[in-house]
Amino acid sequence: MKTSNRLRTYLITDVKIYLGLVIVFFGLSCSSDDDDDDRLGNWVDSSVFDGTPRSSAVAFTIGSKGYMGTGFDGDDYLKDFWMYDLDGNFWSQLADFSGSARSAGVAFANDGNGYAGLGFDGDNELGDFYKYNPATNVWDSITPFPGTPRRGAVAFNSETSGYVGTGFDGDNDKKDFWKYSPQTDSWQELVGFGGNKRREATTFTIGDKVYMGTGVSNGLDQDDLWVFDTNTEVWSALTDLDTDDYDVTRSNAIGFTIGDRGYIACGDSGGGVTTTVWEYNPSTDFWEEKTSFEGATRQDAITFYNGTRAFVALGRSGNLYLDDNWEFFPFEEEDEDD
């Protein structure tokens, strides 16, 4: 059977279209791979936590030592406390937290001591607070938090003070902030935060500036980003976390600092738990995606960071509670074998 000229033309045209689509698809695939390859950041598996896997613990860092405790292991609320040596890469158990067992509390460090409080004990939101002295391995109670008892708040510190705010008090998401003075063991309410209410937000500190964003309120991810100047105690709004160039919104994530950059990693992105990692440049007010976290997807993890090194550990992935620990090197190429 002879093929008509018109039919041959259709066949040739179809083949050209098909080959064109293949080339376009191949080009897009290569482009996507190239984009992945262009991302910097390497995660190195470090010493696994010695104790019970858990999520929603509190953590703070003093020098080259990270301190972590409390949390929830899927069955029980916990109050044990541990130290991780960033240089020696080992864990040591410390005196138990002197408050009741709990999860979703907050902690900060100031003047060589650690402070931890708030949280949820399975029945009630909590408002008590405690001071930990690493030199004596002793916990002492301090003046309770004067705001409503809550869980899922944030905490950070300046050279002289600690700050606690946001969270969920059992009835309402919060946006109030309070300043704690270790010198006088007293709290003072601050004004001036213009952002939305939220729980399970994230902070990181660069110099004398604290950056806060993410979190959830009324089931909606919050996309506003704010900076707090610890010298003037003034909040300022920055570019939102969801733009045409990037989307960093999530809750139950962790934030940390290495050098002059801030990072937000893991958490619940609304569509599910994620391993994505984003780097914030304060000089440009812009985010860049880095190599994804190499461990299991997770939320409610902890972080230890001292400005030059940062670790991400523990957390949960669904009903699986985790005990692994990873160090991040933001400017190295990914090496899946380390």
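This passage describes the salt bridges found in a predicted model. Side chains of opposite charge can pair when their charged atoms come close. A search of the whole structure returns 19 salt bridges, and a few of them are worth walking through here.

We may begin with the pair formed by Glu-289 and Arg-39, whose closest N and O atoms are 3.2 Å apart. Glu-289 belongs to strand 23 (residues 286–290), while Arg-39 sits in the loop between helix 1 (5–38) and strand 1 (42–45), so this salt bridge ties together parts that are 250 residues apart in sequence. Arg-39 is partly exposed, its relative accessible area being 27%.

Asp-176 and Arg-150 also meet through their side chains, with an N to O distance of 2.7 Å. Here the acidic partner is part of strand 12 (residues 173–181) and Arg-150 is part of the loop between strand 9 (138–142) and strand 10 (154–157); the pair therefore links parts 26 residues apart in sequence. Asp-176 is buried, because its relative accessible area of 16% is under 20%. Arg-150 is likewise buried, at 0% relative accessibility.

A further salt bridge connects Glu-279 with Arg-261, and the closest N and O atoms are 3.2 Å apart. Both residues lie in strands, Glu-279 in strand 22 (residues 277–281) and Arg-261 in strand 21 (residues 261–265), so the pair ties together parts that are 18 residues apart in sequence. Glu-279 counts as buried, with 3% relative accessibility. Pleasingly for anyone tracing the contacts by eye, the picture extends beyond these two residues: salt bridges with shared partners join Asp-260, Arg-261, Glu-279 and Lys-290 into one network.

Technical notes
Residues are numbered from 1 along each chain as its sequence is written. This is a predicted model: local features need pLDDT of at least 70, side-chain atom pairs count only at pLDDT 80 or more; totals for chains, interfaces and linings use all residues. Side-chain values use heavy atoms; hydrogens and water are left out. A salt bridge is a side-chain nitrogen of Lys or Arg within 4 Å of a carboxyl oxygen of Asp or Glu. Helices (H or I, at least four residues) and strands (E, at least two) are DSSP runs, numbered from the N terminus. Buried means under 20% relative accessible area, exposed over 50%, partly exposed in between (1.4 Å probe, protein chains only).
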